[in-house]
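Welcome! Have the sequence and the 3D view ready, try each task yourself, and then compare your steps with the worked solution.

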Amino acid sequence: MTPAAKIVGMLQNNVDNFPDILPDNICAYMIGENNVDNQHVILVVGEDSAGSHEFGNDIVVGTIRRISIQFYYPKNYEKDMGLIEKSVESFLRTKRIKCYLNAGHVMTPDSQNITNTLKFNYLETEEQ
């Protein structure tokens, strides 16, 4: 399973922990065309380059994986964006997936959606 698929599944299965996020609004790599509700937050999970390997007895036992989650908010969104992002970040931290970058909120010039990107890393252990 790819890192993006793993995170999407994890978030969709626990969507009750996140305010104003619908399961169909959590997408891998791009915004889905059919089931996305544009009146709610949309999350797009992507992958960044893998990091270093962890070794034990000269054997790779794990790889540092990096993912990014882009939050897309409707143009006139009035709910607490920080609370939504913090709920996702806190949940992932309980799974040992740690945020190392919060890019900050910006408005896209085309659709004028408000976006933010959070980047995370975690150790993916090798199957023995």
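**Exercise 1. Which residue meets K119 in a salt bridge, and what is the N to O distance?**

Before starting, note that this is a predicted model, where local features need pLDDT of at least 70 and side-chain atom pairs count only at pLDDT 80 or more, while totals for chains, interfaces and linings use all residues. Residues are numbered from 1 along each chain as its sequence is written, and side-chain values use heavy atoms, with hydrogens and water left out.

Step 1. Recall the term: a salt bridge is a side-chain nitrogen of Lys or Arg within 4 Å of a carboxyl oxygen of Asp or Glu.

Step 2. Find the partner. The side chain of K119 meets that of D48, at 3.0 Å from N to O.

Step 3. Place both ends. K119 belongs to strand β7 (residues 114-125) and D48 to strand β2 (residues 41-48), so the pair links distant parts of the chain, 71 residues apart. Helices (H or I, at least four residues) and strands (E, at least two) are DSSP runs, numbered from the N terminus.

Step 4. Look at the cover. Buried means under 20% relative accessible area, exposed over 50%, and partly exposed in between (1.4 Å probe, protein chains only). K119 has a relative accessible area of 22% and is partly exposed; D48, at 24%, is partly exposed too.

**Exercise 2. Find how many salt bridges the structure holds, and trace other pairs.**

Step 1. Count: there are five salt bridges.

Step 2. Take D20 and K79, whose side chains meet at 3.5 Å, N to O. Here the partners sit in loops: D20 between α1 (3-13) and β1 (21-28), K79 between β4 (59-73) and α2 (81-94), with 59 residues from one to the other. D20 counts as buried, because its relative accessibility is 16%.

Step 3. Now take R65 and E124, which form a salt bridge with their closest N and O atoms 3.0 Å apart. R65 lies in strand β4 and E124 in strand β7, so this pair ties together parts 59 residues apart in sequence. R65 is partly exposed, at 24% relative accessibility.

Step 4. Finish with the network: K86, E89 and R93 are joined into one by salt bridges that share partners.

**Exercise 3. In what order do the elements run along the chain?**

Step 1. List the parts: the chain has two helices and seven strands.

Step 2. Read from the N terminus on: α-β-β-β-β-α-β-β-β.

**Exercise 4. Describe the chain as a whole.**

Step 1. Compare the radius of gyration, taken over C-alpha atoms, with the globule rule of 2.2 Å times the number of residues to the power 0.38. For 128 residues a compact globule would have a value near 14 Å, and the chain's 16 Å agrees with this.

Step 2. Check the box: along the principal axes, the C-alpha atoms fill roughly 55 × 25 × 25 Å.

Step 3. Ask about burial: 38% of the 128 residues count as buried.

Step 4. Turn to contacts, meaning heavy atoms within 4.5 Å. Among those between residues at least 6 apart in sequence, 53% join residues at least 24 apart.

**Exercise 5. Which residues does V61 touch, not counting residues up to four places away in sequence?**

Step 1. Locate V61: this residue is in strand β4, and its relative accessible area of 33% makes it partly exposed.

Step 2. List the contacts: E54, F55, G56, E124, T125 and E126. E124 is also the salt-bridge partner of R65.

Step 3. Add a distant residue: V61 and D110 are 49 residues apart in sequence and 44 Å apart in space, C-alpha to C-alpha.

**Exercise 6. Where is R96, and what is its phi value near?**

Step 1. Place R96: look in the loop between α2 and β5 (98-102).

Step 2. Read the angle: phi of R96 is near 65°, a positive value in a residue other than glycine.

Step 3. Note the cover: R96 counts as exposed, at 64% relative accessibility.

Step 4. Repeat for Q112, found in the loop between β6 (106-107) and β7. Its phi is near 60°, again positive in a residue other than glycine, and Q112 is partly exposed at 33% relative accessibility.
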